[in-house]
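Please look through the structure below before reading on. The text after it takes up one topic at a time.

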Amino acid sequence: MAEVQPNTHRPDYPRPQFVRDSWVNLNGEWAFEFDDADVGLGQKWQEGAGGWSRRIQVPFAFQSKLSGIGDPEFHDIVWYRRSLSLPEGFKDKRVVLHFGAVDYEASVWVNGTLVATHEGGHTPFHADITDALRPAGEDDMLVVRAVDYSRDVTLPRGKQYWLPDSASIFYTRTTGIWQTVWAEAVSLAHLASVRWTPDIDRNDIGLRLAVAGWTDQANLKVKVDVSFEGEPVSGDIYSIRSASEARTIHLQELNDHGQGRWWTPEKPNLYDVRLTLYDGDSAIDEVSSYFGMRKVSIEAGKFNLNNRPYFQKLVLDQGYFPDGNLTPPSDEAVRRDVELTKAMGFNGARKHQKLEDPRYLYWCDRLGLLVWSEAANAYQFSDAYVRRFVSEWQASVERDYNHPCIVVWVPLNESWGVPNIQIDERQQHHALTMYHLTKSLDATRPVVSNDGWEMVKTDLLNIHDYEYRREVLEERYAEAERAANGMPCGRRLSVGGYAYEGQPILVTEFGGIAYKKSDWEGWGYSGAEDDEDFAARLRAVIQPLLRSGAVQGYCYTQLTDVEQEINGLLTYDRVPKLPLEAIKAINEGK
């Protein structure tokens with residue numbers, strides 16, 4: 001079992017795409033209380049009143065063992081409290097408080113003053129709390145109230161079950177804080193965000209920079225220093241004449257057609273950037289970032305990475321951990337998942353029903369692993385669902401736009417949230433809206449309207465198929481038209497008047513072979529008796545897709561066992577069920 005020492009919970013920097021030196025981690029022990037009767041507001045818990053009978057280890061949700069509570073029951077209103085003692089370096093600065101994720105609604109008070117509210121269980125939010133702080137030398141009080149709607153099936157929830165006990169494909173719930181809480185010190189005018197858009201064909205990197213606190217009286221400029229493996233590539237200074245500035249930086253070195261500096265899983269090359277904001281001649285803010293020169297495109301029905309056809313070998317990754325649930329126990333555990341995925345011969349992961357921790361995306365960028373970013377879906381359709389889901393998905397794309405590892409956006413999976421999409425025009429319009437909305441937010445990546453089946457307009461035709469017989473798979477995927485017009489799970493692949501238009505075909509869920517190699521009991525889509533049988537069954541489902549002339553990639557279900565599912569290539573504790581090199585050989589067609 002994973003262990004985390006007090007006051008050192010997830011000490012790693014939580015926003016690796018936009019790094020400041022002046023920050024403080026607020027994870028660790030907080031006072032905690034359930035509020036099942038919803039009396040906290042009336043009793044002024046936000047001002048510090050109340051018994052606060054429990055302690056919790058943030059950022060772990062109370063349902064997890066690492067929280068120190070480990071209570072899986074329904075408690076939809078929870079409260080957190082801690083003192084806030086800021087470093088000396090925060091003096092005379094603006095203080096911005098950040099939450100990586102709080103499921104589902106959050107209200108935040110500092111010294112009894114409401115400083116932030118937020119809706120959305122997977123996306124970050126922040127607030128400038130400077131004006132709510134007490135004079136220097138006095139400790140401040142931070143209080144958080146989180147409200148979940150555990151039984152509401154129209155809530156974007158991913159794999160969190162709305163019934164008391166985990167079952168089938170659904171797992172333990174997560175309520176409240178489940179990613180890092182932290183604060184940083186900034187100047188009144190400071191860098192708010194950066195957006196990188198690579199263009200390998202022109203050897204350019206597009207830069208869009210947002211500046212908070214800008215006024216037309218300010219004399220602001222930003223210095224952008226780009227380097228590669230420690231060697232300077234570009235250094236320019238730009239005047240800041242509005243709160244948002246865009247520039248194009250030409251990378252002077254030879255366009256090497258991927259031989260040295262483009263990003264791929266095989267060669268995850270990254271450029272480092274230092275952004276320095278000046279007010280006159282004084283540096284008032286510095287941020288570190290990075291980008292990868294990488295292009296994703298579809299040409300003549302082929303999925304291309306950097307203008308070349310690329311066969312994707314993905315694994316379905318639920319992002320759950322036995323002691324932390326949705327929250328990884330450590331940065332080392334996050335990195336280890338990426339390393340294990342690559343060691344088994346996969347070049348990518350489909351993060352399933354979870355907006356993953358930014359540290360995972362960071363390690364995929366650094367170590368080289370493709371990622372399909374998939375929303376945490378609701379289960380049923382409603383007006384409230386549409387409002388919630390659209391807002392959270394937009395924030396998700398905004399948060400993760402810069403990561404070169406992300407190559408596909410997946411807003412919907414298997415008609416979750418749109419269960420009647422086959423016949424309901426409203427639900428078809430919603431799926432189509434999510435496709436076009438995503439394209440409007442990011443024109444550089446493919447979008448899948450509804451992964452698995454019942455797609456409307458889509459850039460990839462993705463099929464879920466848990467057939468285990470080699471001969472059936474060989475026949476089914478022998479040629480594209482046959483594959484595109486099949487119904488392997490008893491569902492039409494296209495609805496709403498849409499039909500196959502020559503898009504790349506991928507089998508994005510398959511396998512799911514149950515093999516018990518730990519104390520966990522559970523199920524899978526088919527079963528293996530021993531190591532030899534497991535290896536044979538893996539070959540029987542993977543080889544037909546590798547040899548198919550129609551299929552351009554696959555996603556095997558799944559990376560690890562999860563709770564009652566024992567269909568992982570690894571146990572829930574990340575122990576390989578076969579030698580890593582044996583699984584890699586199967587992925588390589590050997």
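The paragraphs below deal with helix packing, then pockets, then some unusual backbone positions.

The model shown here is predicted. A good place to start is helix H1, which covers residues 331-343, together with helix H2, residues 358-367. The axes of these two helices come within 9 Å and cross at roughly 45°. That angle makes H1 oblique to H2, and the crossing is right-handed. On the H1 side the contact is made by Asp331, Val334, Arg335, Val338, Glu339 and Lys342. They meet Arg359, Tyr360, Trp363, Cys364 and Leu367 of H2. Sorted by class, this contact consists of 6 nonpolar and 5 charged residues, with no polar ones.

The second pair of helices is H3, residues 383-400, and H4, residues 425-441. Their axes are 11 Å apart, and the packing angle is about 20°. Angles under 35 degrees count as roughly parallel, so H3 and H4 are roughly parallel to each other. The crossing of H3 and H4 is right-handed. From H3, the residues in contact are Asp383, Tyr385, Val386, Phe389, Val390, Trp393, Gln394 and Val397. From H4, they are Arg426, His430, Met434, Leu437, Thr438 and Leu441. The class count for this contact is 9 nonpolar, 3 polar and 2 charged residues.

Next come the pockets. Rolling a probe the size of a water molecule over the atoms shows where empty space is left. The largest pocket has a volume of about 1000 Å³. It is lined by 41 residues, and those closest to its centre are Arg15, Pro124, Ala192, Ser193 and Arg399. Which elements supply at least two residues each to this lining? Five strands do so: E5 (94-99), E9 (125-128), E12 (181-186), E13 (190-199) and E14 (204-212). The helices H2 and H3, met above in the two helix pairs, do so as well. Strand E13 gives the most, with 6 residues. By class, the lining of the largest pocket has 17 nonpolar, 11 polar and 13 charged residues.

The second largest pocket holds about 410 Å³ of space. Its lining has 19 residues, and Leu86, Lys91, Arg134, Ala136 and Gly137 are the closest to its centre. In this lining, 8 residues are nonpolar, 3 are polar and 8 are charged.

The last topic is the backbone. Most residues other than glycine have a negative phi, and most peptide bonds are trans. Where does the model depart from this? One place is the peptide bond from Val58 to Pro59, which is cis, with omega near 20°. Pro59 lies in the loop between strand E3 (54-58) and strand E4 (77-84). Another cis peptide bond joins Asp103 and Tyr104, with omega about 15°. Tyr104 is found in the loop between strand E6 (102-103) and strand E7 (105-110).

Asp38 is a case that concerns phi. Its phi is near 55°, a positive value in a residue other than glycine. Asp38 belongs to the loop between strand E2 (28-34) and strand E3. Strand E3 thus borders this loop and also the loop that holds Pro59.

How values were computed: Residues numbered from 1 in each chain as written. Predicted model: local features only at pLDDT ≥ 70, side-chain atom pairs only at ≥ 80, totals over all residues. Heavy atoms only, no water. Axes fitted to C-alpha atoms, helices over the stretch in contact; angles between N-to-C directions. Helix = DSSP H or I, 4+ residues; strand = E, 2+ residues; numbered from the N terminus. Parallel < 35°, antiparallel > 145°, perpendicular 65-115°, else oblique. Left-handed = near helix turned anticlockwise from the far one by under 90°. Contact = heavy atoms within 4.5 Å. Nonpolar A, V, L, I, M, F, W, Y, C, P; charged D, E, K, R; others polar. 1 Å grid on protein atoms, 1.4 Å probe; cavity = no way out; pocket = protein on both sides within 12 Å on 5 of 7 lines; lining within 4 Å. Points joined across faces, edges and corners; volume = space filled by probe spheres on them.
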